[in-house]
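Please look over the model shown below, and then follow its side chains from one contact to the next.

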Amino acid sequence: DFAGASDSIDVELACEGALVAAVWSDARNSASFAYDIYANFSSDGGASWSSSALRLDLGDAPGASTSLRPQIAIAAGAIHVAWEDRRTTGSFGPDVYAI
């Protein structure tokens, strides 16, 4: 979405060599602040980024439930992300999802 259009929180960054990755919780798909997890990547040390962010918390409709507090790591060129996800628990304790 364009700058200032929605809330973006819980930003995390990781890098290994020229590979840089960012993840965050983003409310662009919900009028009621149900957050999804998004990521973007750079292979040139952050000089340029992918043209659009990727939604990572697939499995339910965008903005249907809240996903928060993403954590990111890069090891041997592989990007790993984990987050709290409430798609099956609602307002009760979240599950942990990872890719």
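The side chains of Asp85 and Arg87 meet in a salt bridge, with 2.8 Å from N to O; the term stands for a side-chain nitrogen of Lys or Arg within 4 Å of a carboxyl oxygen of Asp or Glu. This is a predicted model, in which local features need pLDDT of at least 70 and side-chain atom pairs count only at pLDDT 80 or more, while totals for chains, interfaces and linings use all residues. Residues are numbered from 1 along each chain as its sequence is written, and side-chain values use heavy atoms, with hydrogens and water left out.

The two partners of this salt bridge are covered to unlike degrees: Asp85 counts as buried because its relative accessible area is 1%, whereas Arg87 counts as partly exposed because its value is 21%. Here buried means under 20% relative accessible area, exposed means over 50%, and partly exposed lies in between, with a 1.4 Å probe and protein chains only. Asp85 has its place in strand β6, where strands are DSSP runs (E, at least two residues) numbered from the N terminus.

Asp85 also takes part in polar contacts, that is, pairs of N or O atoms within 3.5 Å, of which, within protein, one must be able to donate a hydrogen and the other to accept it, and for which residues adjacent in sequence count only if both atoms are side-chain atoms. One such contact, of 3.0 Å, joins the side chain of Asp85 to that of Ser67, and another of 3.0 Å joins the side chains of Asp85 and Trp83. Ser67 in turn offers its backbone oxygen to the side chain of Ser25, at 3.4 Å; Ser25 lies in strand β2 and is buried, with a relative accessible area of 0%.

From Arg87 the path leads to an aromatic ring, since Arg87 lies over the face of Tyr97 at 4.1 Å from the ring centre. A charge sits over a ring if NZ of Lys or CZ of Arg is within 6 Å of the ring centre and within 35 degrees of the ring normal.

How many aromatic pairs does a search of the whole structure find? The search finds 2, where rings of Phe, Tyr and Trp (its six-membered ring) pair if their centres lie within 6.5 Å, and planes under 30 degrees apart count as stacked, over 60 as edge-to-face and the rest as tilted. The rings of Trp24 and Tyr38 have centres 6.4 Å apart and planes at 20 degrees, so this pair is stacked. Because Trp24 lies in strand β2 (residues 19-26) and Tyr38 in strand β3 (residues 36-42), the pair ties together parts that are 14 residues apart in sequence. Both Trp24 and Tyr38 are buried. The rings of Trp83 and Tyr97, with centres 6.3 Å apart and planes at 15 degrees, are likewise stacked, and this pair links Trp83 in strand β6 (residues 78-85) with Tyr97 in strand β7 (residues 95-98), 14 residues apart. Trp83 counts as buried at 3% relative accessibility, while Tyr97 counts as partly exposed at 24%. The charged end of Arg28 sits over the ring of Tyr38, 4.0 Å from its centre.

Salt bridges occur elsewhere too, and a search of the whole structure finds 6. Arg55 meets Asp57 at 3.1 Å, N to O, and Arg55 also meets Asp60 at 2.9 Å, N to O. Asp36, Arg55, Asp57 and Asp60 are linked in a network of salt bridges.

Terms used. Helix = DSSP H or I, 4+ residues; strand = E, 2+ residues; numbered from the N terminus.
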